[in-house]
Amino acid sequence: QVQLVESGGGLVQAGGSLRLSCAASGNIFAINTMGWYRQAPGKQRELVAGITYTGSTNYADSVKGRFTISRDNAKNTVYLQMNSLKPEDTAIYYCSLQPYYSTTPQYWGQGTQVTVSS
């Protein structure tokens, strides 16, 4: 069993910054990809950013240049630094973990709300 616990969401004005954290615990395979997804009201969940165990990253076009994903393998923790936030970034942000043997995330956090006011 794997648990993912997110923190760091909140309310921020447009142009501001937030940093999300996600700590993984339990039966974690060392080789995995961790990521952040988000879901806005009435919309499908979408990938925001992902990072492999070796540090390779990918981003949604909408956040490139504004968001940075990073991880600390020793702490089994992934971070999402969000700068220059826009109202359209408002959503529930979910942490994910994809073990090496899977092509899709297998574990999810409970979600943390990010609200950007204009």
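Strand E8 is a good place to start in this predicted model: E8 is mostly covered, with five of its six residues buried. It belongs to an open sheet of four strands, ordered E1-E3-E8-E7, where the pairing is antiparallel. At the edges sit E1 and E7, each of which pairs on one side only. Going from one strand to the next, the twist averages 15°. As a reminder of how such sheets hold together, strands pair through backbone hydrogen bonds, either parallel or antiparallel.

Let's walk across that sheet. E1 and E3 run antiparallel and are joined by six bridges, and here you can find Gln 3 standing opposite Ser 25 in E3. Next come E3 and E8, again antiparallel, with six bridges joining them; in this pairing Ser 21 faces Tyr 79 in E8. Finally, E7 and E8 pair in the antiparallel sense over six bridges, and Ile 69 has Leu 80 in E8 as its bridge partner.

How many residues lie between E7 and E8 in their hairpin? There are four, and in that turn you'll meet Asn 76. Asn 76 has a positive phi of about 50° even though it is not a glycine. Its relative accessible area is 30%, so Asn 76 counts as partly exposed. At the other end of E8, look in the loop between E8 and E9 for Ser 84. Ser 84 also isn't a glycine, yet has a positive phi of about 50°. With a relative accessible area of 39%, Ser 84 is partly exposed too.

Now for the inside. The largest nonpolar core has 28 residues, and those touching the most other members are Trp 36, Leu 80, Met 82 and Tyr 93. At least two residues of this core come from each of these strands: E1 (2-7), E3, E4 (32-39), E5 (46-52), E7, E8 (77-82), E9 and E11 (112-117). In soluble globular proteins, nonpolar side chains tend to be buried together. Met 82 gives you a feel for the neighbourhood: leaving aside residues within four places in sequence, Met 82 is in contact with Gly 16, Ser 17, Leu 18, Leu 20, Arg 66, Phe 67, Tyr 93 and Val 114.

Arg 66 on that list deserves a stop of its own. Where is Arg 66 placed? Look in the loop between strand E6 (57-59) and strand E7 (67-72). Is Arg 66 buried or exposed? Its relative accessibility is 11%, which is under the 20% cut-off, so Arg 66 counts as buried. Its side chain has polar company all the same. A polar atom of the Arg 66 side chain lies 2.9 Å from the backbone oxygen of Ser 62, and the side chain also makes a polar contact with the side chain of Asp 89, at 2.8 Å. Beyond its neighbours within four places in sequence, Arg 66 is in contact with Gln 81, Met 82, Asn 83, Ser 84, Leu 85, Lys 86 and Asp 89. So if you follow the contacts of Arg 66, you come back to Ser 84, the residue with the positive phi.

Then there's the disulfide, and the structure holds one. Its partners are Cys 22 and Cys 95, with sulfur atoms 2.1 Å apart. Those two cysteines link distant parts of the chain: Cys 22 is in strand E3 (residues 18-26) and Cys 95 in strand E9 (residues 91-99), 73 residues apart. In chemical terms, a disulfide is a covalent bond between the sulfur atoms of two cysteines. The link of Cys 22 and Cys 95 is left-handed, with -80° about the S-S bond. Why does Cys 22 count as buried? Because its relative accessibility is 0%. Cys 95 is buried as well, likewise at 0% relative accessibility.

Stay on E9 for one last residue, Leu 97. At 2% relative accessibility, Leu 97 counts as buried. Along the chain Leu 97 and Val 2 are 95 residues apart, but their C-alpha atoms are separated by 8.9 Å. Not counting residues up to four places away in sequence, Leu 97 touches Val 2, Leu 4, Ala 24, Ile 28, Asn 32, Thr 33, Met 34, Pro 105, Gln 106 and Tyr 107.

Methods. Residues are numbered from 1 along each chain as its sequence is written. This is a predicted model: local features need pLDDT of at least 70, side-chain atom pairs count only at pLDDT 80 or more; totals for chains, interfaces and linings use all residues. Side-chain values use heavy atoms; hydrogens and water are left out. A disulfide is a pair of cysteine sulfur atoms within 2.5 Å. Buried means under 20% relative accessible area, exposed over 50%, partly exposed in between (1.4 Å probe, protein chains only). A polar contact is a pair of N or O atoms within 3.5 Å; within protein, one must be able to donate a hydrogen and the other to accept it, and residues adjacent in sequence count only if both atoms are side-chain atoms. Contact means heavy atoms within 4.5 Å. A nonpolar core is a set of buried Ala, Val, Leu, Ile, Met, Phe, Trp, Tyr and Cys residues joined through side-chain atoms within 4.5 Å. Two strands pair if DSSP finds at least two bridges between them. Axes are lines fitted to C-alpha atoms, for helices over the stretch in contact, and angles run from 0 to 180 degrees between N-to-C directions.
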